[in-house]
Amino acid sequence: MNDMNDDRTNAGTGPSIVAIVKEDNKLKCVEIRKDNGAFDLLWTRSSEGQAADWETFAAECGLPVGADVPDAEGDRTVVVGFNSVGTVFHRTMVPAVGQKEIASIVALQAETRLPLSAEQMGLAWRAGHEQDGQTNVTMAVARKEHLRSFVKDVQPLRPAKILLDCEGIVEAWKLVFAGAENKAVVLSAAERNTHVCLIEYGRLSNTVVLDVGTGDFAAAGAGEQTEAIERFTQDITSVLELFGYAGQADMPILLLSDGRAVHVSIVSTLRLARLNARVALPDLKRLAPGGQLGAEGLYDYRTAIGLALLAFEGREDELNLFEHLYSRTAKEEKKHLLYSPKVACAVAAMMLVLLTLVSYAVDLASPSAIEKRLKASISDVDMDLLLKRQEMIKTVARERPDLLELLKIVNDSGSRGITLNSLYFKKGQMVTVTGQAGSNEDLSRFEKTLQKNKAVEKVTPPTSSVDSKGGRITFTMTFHYKNFTKKTTTKARG
């Protein structure tokens, strides 16, 4: 275990954050104290080998685990980082409306665009910068099965929060690597993968994890190195296109580094592809005692440090995939009241008494008495009225628009190259759909496919405009859905 101790570990009176994250199959932990507005790095530790589990490692770091974790956090708070390799990030533009309306649009897009049902996926999102009546939204989606498995691993630590490691990378870039760019792409290269993070207005806006890392650039064979270099360059170019910054040579691409040769090689490769790439070195003065740890140490613990700094901010709009899956106060899943042996015995005894009374009453009643009571019950009800009500319910159901069907029609028609932003429906008015298309061909295909559906009539030619930056086409389209959107006229009686 690597260990950095400092005389100030027990000094100061400010609160501290302990952050643990897994990188390159090693668990890494730091503790940072905030005192009089300044951040003080108290110690850093990492696990030896690749077999350490969260609970064992936390205990080795001197943290309470299991039943020893206090209910009150005190001045020390523990947070853990979730590896976002298995998380899908998506950025979309939605109308600048209220939070509830945005939440509905986001949920709709996530369920229709991703190969997972709502029950299978964990979803987190946050609204970003607004421009021209549109809001930039970042979504993060992961399988609930994967999230629950992680919760099980870290539950003995009872962390205050579970944060995304990519958010820690962005925070480390800003505060440790002196990141000041308003818009930039930040690269954090591990041994076998690289986080590519899009930062807009100081916040994480989108991220992709590539399966190429520093180990590929340091491959033994020259042929393997060349293949890795070509693949990495192509991947970065594709990611920039995905982020909406294709062809923008001035977009800063910053590789977090401690100055090692492999990082210089990666940056040189990107610059040969005419990309604005450079290394970002840690500022040893930003985090005391950064000078003692050195650039290499700050780089190695960059994600854990970033997570600790992020926890100090206490943002309300963080991408919290675990909001409904983990709670620090829930030590164990509470057993249902009826699972208690004492309560179960009492309920069983009560049911036995009730069963005895009911059986006794039935035994006293003759078959003719039961039949008489049933006939009396039926006679009290107007059966004709019940039948009429039932028929009325069926008629109303037939006249009620099936909004789920409508949503499915629109989404199926625009399954390729179309991003749905909003759908407005009101009886007597044409359905209005707004969204974005990747090209005029995608938009034309969407219009024609929609027109072929039997439930759709009179699709109006879409009004559209082209985004000067991203190149995507924003459009508005209207159409009739069955008879629900057509105005009805009432005949005058003579």
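# Exercises on a predicted model

The accessible surface of the protein comes to about 27600 Å², and 53% of that belongs to carbon and sulfur atoms. Accessible areas come from the Shrake-Rupley method with a 1.4 Å probe, and for residues only the protein chains shown count as cover. The model is predicted: local features need pLDDT of at least 70, side-chain atom pairs count only at pLDDT 80 or more, and totals for chains, interfaces and linings use all residues. Residues are numbered from 1 along each chain as its sequence is written, and side-chain values use heavy atoms, with hydrogens and water left out.

## Exercise 1: the whole protein

Task: State the secondary structure content, the buried share and the share of contacts between residues 24 or more positions apart.

Solution.

Step 1. Count the elements. The protein has 14 helices and 19 strands. Helices (H or I, at least four residues) and strands (E, at least two) are DSSP runs, numbered from the N terminus.

Step 2. Take burial. Of the 494 residues, 41% are buried. Buried means under 20% relative accessible area, exposed over 50%, and partly exposed in between (1.4 Å probe, protein chains only).

Step 3. Take contacts, meaning heavy atoms within 4.5 Å. Among contacts with a separation of 6 or more, 65% link residues 24 or more positions apart.

## Exercise 2: the five-stranded sheet

Task: Give the strand order of the open sheet of five strands, and find its edges.

Solution.

Step 1. Write the order. It is E12-E11-E10-E13-E14, with mixed pairing. Two strands pair if DSSP finds at least two bridges between them.

Step 2. Find the edges. Strands E12 (203-210) and E14 (277-280) each have a single partner strand, so one side of each lacks a neighbour in the sheet.

Step 3. Add the twist. From one strand to the next it averages 25 degrees. Axes are lines fitted to C-alpha atoms, for helices over the stretch in contact, and angles run from 0 to 180 degrees between N-to-C directions.

Step 4. Place the helix. H7 (residues 261-272) lies across E10 (183-189), E13 (253-256) and E14. Helix H7 runs at about 160 degrees to E14.

## Exercise 3: strand E11

Task: Trace the pairing of E11 (residues 194-200) on both sides, then decide whether its residues are buried or exposed.

Solution.

Step 1. Start with E10. Seven bridges join E10 to E11, and the two run antiparallel. A hairpin of four linking residues connects them. Leu187 stands opposite Val196 in E11.

Step 2. Turn to E12. E11 pairs with E12 over seven bridges, again antiparallel. Val208 in E12 is the bridge partner of Val196. Thr207 in E12 is that of Cys197.

Step 3. Check the turn. Two residues lie between E11 and E12 in their hairpin. Tyr201 in this turn has a positive phi of about 55 degrees.

Step 4. Check cover. Seven of the seven residues of E11 are buried. Thr194, Val196, Leu198 and Glu200 point one way; His195, Cys197 and Ile199 point the other way.

## Exercise 4: helix H9 and Arg315

Task: Describe H9 (302-313), then work out the surroundings of Arg315 in the loop between H9 and H10 (341-364).

Solution.

Step 1. Size the helix. H9 has 12 residues and spans 17 Å from first C-alpha to last. That is close to the 16 Å expected at 1.5 Å a residue; the expected span is 1.5 Å times one less than the number of residues.

Step 2. Assess its cover. In H9, 11 of 12 residues are buried. Among them are Arg302, Ile305, Leu309 and Phe312.

Step 3. Leave the helix. Just after H9, Gly314 takes a positive phi of about 60 degrees.

Step 4. Reach Arg315. Its relative accessible area is 16%, so Arg315 counts as buried.

Step 5. List the neighbours. Leaving out residues up to four places away in sequence, Arg315 touches Lys161, Glu167, Glu171, Lys174, Arg203 and Leu310.

Step 6. Add polar contacts: pairs of N or O atoms within 3.5 Å. Within protein, one atom must be able to donate a hydrogen and the other to accept it, and residues adjacent in sequence count only if both atoms are side-chain atoms. The Arg315 side chain makes such contacts with the side chains of Glu171 at 3.1 Å and Glu313 at 2.7 Å.
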